[in-house]
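Q: I'd like a close look at one serine in a loop and its surroundings. Start with the overall fold so I can get my bearings, then zoom in.

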Amino acid sequence: MATGKVICGMIIGAMLIGILCSVLYRACFGYRIAQGAKIGFMNVIAVDSTDIGAASVGMFNQFIGSFHLKIGTGVSIGKHNEISCGAWVTEKRFAGEGYARICAIGDGCHITSSHLIDATRGFTLGEHSWVVGSHSQFWTHGIGVTERHIAIGSNCYIGSAARFAPGSSIGKDNIVGLGSVVVGSHNVEGALIAGVPAKVLDANYKWRTRNVSSTETRATNTESASV
């Protein structure tokens, strides 16, 4: 990634926000950014190409490196996140390694603040999934591993300070506990995955409806008691 592009990205991020920032990014770099996208103060977007829908991106985020950035419609990204790809990946000696160099964030996803995503071999966050808390890390390159892409299914919840090793993946509707280290594939749905290394602790853990069900149950019991 050329240093000049990074510097230009810093200047755009420092001078403009919101619609004006998007307009200048489209004009200078040819980025595809939807009209409804909101880009916050001091974001640096210096990548090979982008496809950003009507998303909201907070302040002080860094999207830097030779990769394709795809952010879906309705995505919310907080502040101080880093999504990057090392410049070394473009060297000729790595030409046959199959580095995907893409970060794809699906529609309706929510990413809070201070997370790190390595886009070198490819990172996919399924639709309506959440990366919450802070300081989670997703690494897609490393020594001694051949499959490095990280794939997270739709409607998942990734707890604070989670770590995903190269090549790790989880199915849809899962929750990953705080501080967990995810290694390998977990082809399950609707489960609680947690620990170091992470394991399936509960194969029938519906995280999106558990609190709703409990609230409805308490309300029903209260109504019954008052009759």
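A: Quick bit of vocabulary: helices here are DSSP runs of H or I with at least four residues, strands are runs of E with at least two, and both are numbered from the N terminus. Counted that way, the protein chain of this predicted model has three helices and 22 strands.

Nine of those strands form an open sheet with mixed pairing, in the order 2-4-6-9-12-15-18-21-22. At its edges stand strand 2 (38–39) and strand 22 (198–202); each has a single partner strand, so one side of each lacks a neighbour in the sheet. The partner of strand 2 is strand 4 (residues 56–57), and the two run parallel, joined by two bridges. One of the bridge pairs is K38 with S56 in strand 4.

As for the whole chain, 41% of its 227 residues are buried. Its accessible surface is about 10,900 Å², with carbon and sulfur atoms contributing 58%. Among contacts with a separation of 6 or more, 31% link residues 24 or more positions apart.

Now for the serine, S136. You'll find S136 in the loop between strand 12 (130–134) and strand 13 (137–138), and strand 12 is a member of that nine-stranded sheet. Is S136 buried or exposed? S136 counts as buried because its relative accessible area is 1%, against a cut-off of under 20%. The S136 side chain reaches the backbone oxygen of G159 at 3.3 Å. Setting aside neighbours within four places in sequence, S136 touches S114, H115 and L116, then V131, and also G159, S160, A161, A162 and R163.

Methods:
Residues are numbered from 1 along each chain as its sequence is written. This is a predicted model: local features need pLDDT of at least 70, side-chain atom pairs count only at pLDDT 80 or more; totals for chains, interfaces and linings use all residues. Side-chain values use heavy atoms; hydrogens and water are left out. Two strands pair if DSSP finds at least two bridges between them. Buried means under 20% relative accessible area, exposed over 50%, partly exposed in between (1.4 Å probe, protein chains only). Contact means heavy atoms within 4.5 Å. Accessible areas come from the Shrake-Rupley method with a 1.4 Å probe; for residues, only the protein chains shown count as cover. A polar contact is a pair of N or O atoms within 3.5 Å; within protein, one must be able to donate a hydrogen and the other to accept it, and residues adjacent in sequence count only if both atoms are side-chain atoms.
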